[in-house]
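Trainee: I should like a close look at a single part of this model. Please begin with one residue and proceed to the pockets and the ligand.

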Amino acid sequence: MLERCDFRQARDLMMEHVGPVGMQKAPLSACAGRILARAVTAQEDVPPFDRSPYDGYAFRAKDVEAASLQDPVTLRIVDYIAAGDVPHTGITAGTAAHLMTGAPVPEGADAVLPFEKTRFTDEEVTISSPVKPGSNVVRAGEDIRKGMTLCGAGVRIDAGLAGTLAGQGIFEPYVYKKPLVGVISTGSEILEEGETPAPGRIYNSNRYALQTACELAGCRSIYIGTVIDETDTIAQVIASALKTCDAVILSGGVSVGDFDCTPAAMEKAGVEILAHGLALKPGMAGAYGIFDDRKSDPSGGQGDGAIPVFGLSGNPAACMTAFYAVVLPVLRKMMGFAPEDCIPAKLRVRLSGDYSRKNQSARLLRGKVDLTAVVQEMQPAAGQGNQMLSTLAGSNAFAEIPAGTTVQAGETVDAFLMGDI
Ligand code: AMP
Ligand code: MG
């Protein structure tokens, strides 16, 4: 078991033990943000036929090669083709077809002019300049060629990919299942929604912060409940969560106080703790483990890996810092993200404020990165205490302050974004 390790070590160790939770076919209309589980090969050319990008006239470029203002060429209109229609005849010397945007370009024609660049009647169209062969014809397969790999597995379905799949007639892609994350709060002081406030009690922030972060990441989440600080009781609740959930996140009870029973409860429920504590502020307290029932029953367990169990600090900002630094990459692997997309990309940011407290551990400074700036500027949030959740609201990144150092406004440091934006 690692003690007080770098958060990246704990993250990587946890990631080694988990895998995607399985795949399913899902209606494309319900696939926003889901991860493609199988590579998709193009079934057909897009567009499927040569088509016109304009309302206009299709003809042979050769017929107008000598056209000029003084000596325009007049062609006889022999067809009218609407979008969704097919040509009724081919184009031969001296003829043209009147066609609409998206309509197929008829046999024989190799150029299109929009109607506003012509003069026309119902019977004839007059063209007064030469046109290059191929002008304004969108070629079959110009966007996508049949047989090409459209997209590999592990890619998130965004608007462009959803439209591209639909363009291939793929309305039920294979996607990875969404991991179900069980959230447990521990602490005898925790007050739930609807309970009467009382001295010494505090509302449950972590439950909502964690469930929101899980859902925004693309997981499903379920609130298992709030448990008092008692090892056996917490162990029972963990054990019941392990029966139905793909991942479990607890908050509270992971420091070294008299009532910090979460690590012992995790072990009692059969969880093997891989890392205890991190060299990280906020987020020093924490226990990171796995439950692997496939060892006793190889056909059991959900999906391709063990069930990760995260015992995070009760301090709300510490809890969420550890979530983004360690938990989210693990959940992303379980969601089926390609390996390079699980870990947030590194940024360099120039700090627009100081952080003048020296720490023995590395610190993740939450704040807001201005993504429109040429050099990324990050304004550290005004309060960095591990209990100050309000300063996480509106933050989009963490800047890393190495152990034993302070930073001043204008300095450049490593950072990573909390999510995709
Ligand atoms: P613990 O990790 O249990 O020692 O808790 C550290 C601090 O976080 C204490 O002040 C707790 O009251 C507070 N805390 C624990 N759980 C929650 C929670 N779910 N929501 C808000 N604060 C919490
Ligand atoms: Mg506690």
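Mentor: Ser185 is a suitable starting point; in this predicted model, Ser185 belongs to strand S12, which covers residues 180–186. Its relative accessibility is 2%, and since buried means under 20%, Ser185 counts as buried. Leaving aside residues up to four places away in sequence, Ser185 is in contact with Asn204, Arg207, Tyr223, Gly225, Thr226, Val227 and Ser251.

The strand that holds Ser185 also leads to a pocket. S12 is one of the elements that give two or more residues to the lining of the second largest pocket, together with strand S14 (202–203) and H3. The space in the second largest pocket amounts to about 280 Å³. Its lining comprises 23 residues, and those nearest the centre are Thr186, Glu189, Ile190, Gly252 and Gly314. By class, 13 residues of this lining are polar, seven are nonpolar and three are charged.

Two of the residues just named recur at the ligand. Glu189 and Gly314 are among the residues that lie nearest the centre of the second largest pocket, and Glu189 and Gly314 are also among those that come nearest to ligand 1. In total, 17 residues surround ligand 1, and Asn204, Ser205 and Gly253 are likewise among the nearest. Asn204 links this site to the starting residue, as Asn204 is one of the residues that Ser185 touches.

The polar contacts of ligand 1 may be taken in turn. Glu189 places a polar side-chain atom 2.5 Å from an oxygen atom of the ligand. For Ser205, a polar backbone atom is 3.0 Å from a nitrogen atom of ligand 1. Asn206 has a backbone N or O atom 3.4 Å from a nitrogen atom of ligand 1.

Helix H3 connects the second pocket with the largest one. H3 gives two or more residues to the lining of the second largest pocket, and H3 (205–217) and helix H6 (316–335) each supply at least two residues of the lining of the largest pocket. In the largest pocket, the contribution of H3 is seven residues, the largest share of the lining. About 590 Å³ of space lies in this largest pocket. Its lining has 24 residues, and Ala213, Leu216, Tyr324, Met418 and Gly419 are the closest to its centre. The classes here are 14 nonpolar, six polar and four charged residues.

Notes:
Residues are numbered from 1 along each chain as its sequence is written. Chains are lettered from A and ligands numbered from 1 in the order in which they are written. This is a predicted model: local features need pLDDT of at least 70, side-chain atom pairs count only at pLDDT 80 or more; totals for chains, interfaces and linings use all residues. Side-chain values use heavy atoms; hydrogens and water are left out. Helices (H or I, at least four residues) and strands (E, at least two) are DSSP runs, numbered from the N terminus. Buried means under 20% relative accessible area, exposed over 50%, partly exposed in between (1.4 Å probe, protein chains only). Contact means heavy atoms within 4.5 Å. On a 1 Å grid over the protein atoms alone, a cavity is a set of points where a 1.4 Å probe fits but cannot get out, and a pocket is an open set with protein on both sides within 12 Å along at least five of seven lines; lining residues have an atom within 4 Å of a point. Grid points are joined across faces, edges and corners, and a volume is the space filled by probe spheres set on the points. Ala, Val, Leu, Ile, Met, Phe, Trp, Tyr, Cys and Pro count as nonpolar, Asp, Glu, Lys and Arg as charged, and the others, Gly among them, as polar. A residue is near a molecule or strand if one of its heavy atoms lies within 4 Å of it. A polar contact is a pair of N or O atoms within 3.5 Å; within protein, one must be able to donate a hydrogen and the other to accept it, and residues adjacent in sequence count only if both atoms are side-chain atoms.
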